[in-house]
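Trainee: I have a model open and would like to go through it with you. Could we talk it over strand by strand, and then look at a few residues?

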Amino acid sequence: MSKIIVEKNPSEERLNDLGIKSCPTWSKEPSTFPWSYSEEEIAYILEGEVTVTPDGGEPVNFGKGDLVTFKEGLSCTWHVKKALKKHYHFG
């Protein structure tokens with residue numbers, strides 16, 4: 001099973017069930033950096049375009065309007081292609 005799950009155009013009901021729109025936001029300029037997840041993260045992308053490549057895996061692309069789940073234990077490289085802004089929740 002993939003450690004990155006992208007939901008395209010999630011319903012308002014799904015977003016409300018998660019409460020993701022009331023979570024903090026994080027922004028990042030175009031850049032490339034390594035990242036590891038010690039716990040699961042759910043993110044709702046407000047702006048931007050990103051490719052995340054799991055170590056030893058295939059690149060996953062996502063952007064504005066996508067709901068993305070990063071599984072605990074994922075080690076990857078982020079490539080922010082267009083400035084990113086997201087709501088996020090750990091745990």
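Trainee: Which residue in S7 stands opposite Thr 25?

Mentor: Good place to begin, and keep in mind that this is a predicted model. Strand S2 covers residues 25–28 and strand S7 covers residues 75–90, and the two pair in the antiparallel sense over 4 bridges. Opposite Thr 25, S7 places His 87.

Trainee: And which residue in S7 stands opposite Trp 35?

Mentor: Trp 35 takes us to strand S3, residues 31–36, which pairs with S7 in the antiparallel sense over 6 bridges. The residue of S7 facing Trp 35 is Cys 76.

Trainee: What is the bridge partner of Ile 45 in S7?

Mentor: Here the pairing is between S4 and S7, which run antiparallel and are joined by 12 bridges. Strand S4 spans residues 41–54, and Ile 45 is paired across to S7. Its bridge partner there is Lys 86.

Trainee: Which residue in S5 stands opposite Glu 49?

Mentor: S4 also has an antiparallel link to strand S5, residues 60–63, made of 4 bridges. In that pairing, the residue of S5 opposite Glu 49 is Gly 63.

Trainee: Which residue in the hairpin of S4 and S5 takes a positive phi?

Mentor: Look at the 5 residues between the strands of that hairpin. The phi angle to find is near 75°. The residue that takes it is Gly 56.

Trainee: Which residue other than glycine has a positive phi, near 45°?

Mentor: For this one, go to the loop between S1 and H1. The residue there is exposed, with a relative accessible area of 68%. A positive phi near 45° belongs to Asn 9.

Trainee: Is Pro 10 buried or exposed?

Mentor: Pro 10 also lies in the loop between S1 and helix H1, the helix being residues 12–18. A residue counts as buried under 20% relative accessible area. Pro 10 has 14% relative accessibility, so the verdict is buried.

Trainee: Which residues does Pro 10 touch, leaving out those up to four places away in sequence?

Mentor: Some of them are well along the chain, so to speak, and you can pick them out on screen. For scale, Ser 36 is 26 residues from Pro 10 along the chain, and their C-alpha atoms are separated by 25 Å. The residues that Pro 10 touches are Leu 15, Tyr 44, Gly 65 and Leu 67.

Trainee: What is the relative accessible area of Leu 15?

Mentor: Leu 15 lies in helix H1. Leaving aside neighbours within four places in sequence, Leu 15 is in contact with Pro 10, Ile 20, Lys 21, Tyr 44 and Leu 67. Leu 15 is buried, and its relative accessible area is 1%.

Trainee: How many Å apart in space are Leu 15 and Glu 39, C-alpha to C-alpha?

Mentor: In sequence, Leu 15 and Glu 39 are 24 residues apart. In space, C-alpha to C-alpha, the value is 20 Å.

Trainee: Are the residues on both faces of strand S6 buried or exposed?

Mentor: Strand S6 runs over residues 67–70, with Leu 67 and Thr 69 on one side and Val 68 and Phe 70 on the other. Both faces are covered, and these four residues are all buried.

Trainee: Which residues stand opposite Phe 70 in S6?

Mentor: S6 has antiparallel pairings with S1, residues 4–7, over 4 bridges, and with S4, also by 4 bridges. From S1, the residue opposite Phe 70 is Ile 4. From S4, the residue opposite Phe 70 is Glu 41.

Trainee: In what order do the elements of the protein chain run from the N terminus?

Mentor: The secondary structure comes to 1 helix and 7 strands. From the N terminus on, the order is β-α-β-β-β-β-β-β.

Trainee: What radius of gyration does the protein chain have?

Mentor: The C-alpha atoms fill a box of roughly 35 × 25 × 20 Å along the principal axes. For 91 residues, a compact globule would have a radius of gyration near 12 Å, and the chain agrees with that, at 12 Å.

Trainee: What share of the contacts with a separation of 6 or more is between residues 24 or more positions apart?

Mentor: As background, 36% of the 91 residues count as buried. Among contacts with a separation of 6 or more, the share from residues 24 or more positions apart is 76%.

Key
Residues are numbered from 1 along each chain as its sequence is written. This is a predicted model: local features need pLDDT of at least 70, side-chain atom pairs count only at pLDDT 80 or more; totals for chains, interfaces and linings use all residues. Side-chain values use heavy atoms; hydrogens and water are left out. Buried means under 20% relative accessible area, exposed over 50%, partly exposed in between (1.4 Å probe, protein chains only). Two strands pair if DSSP finds at least two bridges between them. Contact means heavy atoms within 4.5 Å. The radius of gyration is taken over C-alpha atoms; the globule rule is 2.2 Å times the number of residues to the power 0.38.
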